[in-house]
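Here are a few exercises to work through with the model open beside you. Try each task before you read its solution.

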Amino acid sequence: MIEFWYLFRQNKGAVVGLACVLVLAVIALLAPWLTPHEPMTVFGDALKVPPFWQEGAQARFLLGTDDLGRDLLSRLIYGSRVSLGIGFFVVAFMTFFGVIFGVIAGSFEGWVDSLIMRSMDILMALPSILLSIVVVAVLGPSLVNTVIAVGIVSLPSVVRVVRASVLMEKKKNYVIASKSFGASWFRIYIINILPNCTAPLLIQATFGFSDGILSAAALGFLGLGVQPPIPEWGTMLSDARSYMESASWLVTLPGLCILVVVVAFNLLGDGLRDALDPKVKRT
Amino acid sequence: MSLLQVQNLNIDFSTTQGVVNVLRDVSFHLNEGEALGLVGESGSGKSVTSLAVFDLLASNAQVRSGQILFRGRNIFGLSEVEKVKIRGSEISMIFQDPMTSLNPCFNVEYQVGEVLRMHQGLEGSSLRDRVIELLAKVGIPDPQSRLKTYPHELSGGMSQRVMIAMAIACSPKILIADEPTTALDVTIQKQILSLLQKLRKETGMSLILVSHDLGVIAQNTDRLLVMYAGEIVEEGRSSDVIQRPLHPYTEGLLKCLPGAYKLEGRQFRLPTIPGIVPNLAERPQGCQLSPRCPYKFQACVNGAIVLGAVGDARHVRCIKEDLHGPA
């Protein structure tokens, strides 16, 4: 643990990423106490009020209001809940199913392995956004279906990582030893091998978080993700598209939020990889 | 009826060089409470033999014929569930490299406890007490404080002691020690071997000690088997074999031991057996040792040599004495 923290600290970007992620998590958790207004409240007398650095700003709307007169800052803060929530559930979904398929593929080689891995190849061969559009088109656009769609699209990366680690670990001595002590399949693979695969899985999950948020925002932008009036950043972008010239803050600020979250998670993932992956470990 | 009986075991490995016959007609038995030694060079089939007892051979291995009877029941004929029950509780094994044989993710308490949970269903404080008792039994000082240590915090000798604790946790009938001291230094080697002896005397279990070191085997076993190229070439009481080796290979091995020659004021060069172990994909005709044997006759390469009985409980796969009489 101490060694891990030492290695992790070497990567300044990763520390910045971790800090951003922690700050965002706190903001998302404390959203009701941080926001000046309710995210859905419409102020009919204040449509498209600009943010504080522009002329005509109002002190009560720090980052201005949108075309319906809703406070942008409050919506962005609540949006962090939605986006991080989507990220979290996408990661949970893909890790859960990814681990199941990955362990099965890695342990029973042969035709089971081929079946699972070729299906994953098919998933990977299709452009991810197209595939998630198809899934949403079948299931219908909603918050839950966005998570499922994005989760399915990101499944192959986890399955591949888990399978590769299982294949590597199962050749190690402790597995033979554990077999010789009479361990069952479940005990060998789930209890003994899986914990040894956590490092690559954790790295993959971190990248999955940012990919998930990005894909969900893309779906929202296309009108297939989270539906209005829920304040999701991608959906907000798409709603504000027509005001890009008259009220540019409506587009730039949600876009900026997405950018910051995705960059933060990618930096964190890079840092984790540097610290946990023995192959890139610096001596 | 012996506890363990291996009968005419033939094992093939499919490799890139084709099917390789790794064990040829291996037969031996193990009595209750006995210490049996298995000696041979790398690749002679010692480890394959010991893994075969668990039916835990690599997936490219194939048992062509023969059986392994444990208490009269053929291991290869048992269902997976029955095999899992026997492994670890009736027959258990310790391995060559203790540092990698423990799972790096779990602490000592969990790993030793796991065996007990699996086979005896112990839980909670009775499990913990039993783990402490086992750790004390294998000579780990202050076992209470060692419970939460992880394998990377243990030395090689300590790891091997933990492995032994796991292996004897369910008081097995047979303990197979596959080169238990190869990765350890000499002082630790002595400690581990005497620990194994002590445990065997206390529990009355049988021990199969696998090693390439004839000296280690001679001191720690009652009876020994010498293996060469997947065949048993000599069998007998350890003291008999050491005093009067019948097979040229055993003789060669004995000569290779440092200390077998007394230095009489001048420097000796340690003798070696010339040549190398045959490639099992291209076995020599007749006697497997013939290309390296100092006594080679024409008859040695003409046909297969059988393992013949010589006197009391001795077997040898060599025709030298038949032709020349006892040397």
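**Exercise 1. Work out how β7(B) pairs with strand β8 of chain B, and how many bridges join the two.**

Start with the β8 side: β7(B) and β8 (residues 206-211) are joined by five bridges and run parallel. Strands here are DSSP runs of E with at least two residues, helices are runs of H or I with at least four, and both are numbered from the N terminus. Two strands pair if DSSP finds at least two bridges between them. For a landmark, look for Ala177(B), which stands opposite Leu209(B) in β8(B).

Next, go to β6 of chain B (residues 91-94), which is parallel to β7(B) and joined to it by four bridges. Here Met93(B) sits opposite Ile176(B) of β7(B).

Last, check burial: five of the five residues of β7 (174-178) are buried. Buried takes 20 or more other C-beta atoms within 10 Å of a residue's own, exposed 12 or fewer, and partly exposed is in between, with C-beta atoms placed from the backbone. Ile174(B), Ile176(B) and Asp178(B) point one way, Leu175(B) and Ala177(B) the other.

A word on ground rules: this is a predicted model, where local features need pLDDT of at least 70, side-chain atom pairs count only at pLDDT 80 or more, and totals for chains, interfaces and linings use all residues. Residues are numbered from 1 along each chain as its sequence is written, while chains are lettered from A and ligands numbered from 1 in the order in which they are written.

**Exercise 2. Find the strand order of the open four-stranded sheet in chain B, and name its edge strands.**

The order is β2-β1-β4-β5, with antiparallel pairing. At the edges are β2 (18-30) and β5 (73-74), each pairing on one side only. Now zoom in on β5(B): two bridges tie it to β4 (residues 61-70), and Asn74(B) is the bridge partner of Leu69(B).

Then add the helix: α1 of chain B (residues 46-54) lies across β1 (4-15), β2 and β4, at about 70 degrees to β2(B). That angle is between N-to-C directions, on a scale from 0 to 180 degrees, with axes fitted to C-alpha atoms, for helices over the stretch in contact.

**Exercise 3. Locate the kink in α4(B) and say what covers the buried residues of the helix.**

The kink is centred on Glu114(B) and comes to about 25 degrees. The bend is the angle between axes fitted to the seven residues ending at a residue and the seven starting there. Buried residues of α4(B) include Val112(B), Glu114(B) and Leu116(B). Their cover includes α5 (124-137), α6 (143-146) and α7 (156-168) of chain B. After the helix comes Gly121(B), with a positive phi near 65 degrees.

**Exercise 4. Decide where Arg283(B) belongs on the scale from buried to exposed, and what it touches.**

First, place it: Arg283(B) is in the loop between α11 (248-256) and α12 (298-302) of chain B. Arg283(B) counts as partly exposed because it has 15 C-beta neighbours inside 10 Å. Leaving out residues up to four places away in sequence, Arg283(B) touches Ala229(B), Pro278(B) and Gln288(B); contact puts the C-beta atoms, placed from the backbone, within 7 Å. Finally, Asn21(B) is 262 residues away along the chain, yet its C-alpha is 9.0 Å from that of Arg283(B).

Notes
Contact = placed C-beta atoms within 7 Å.
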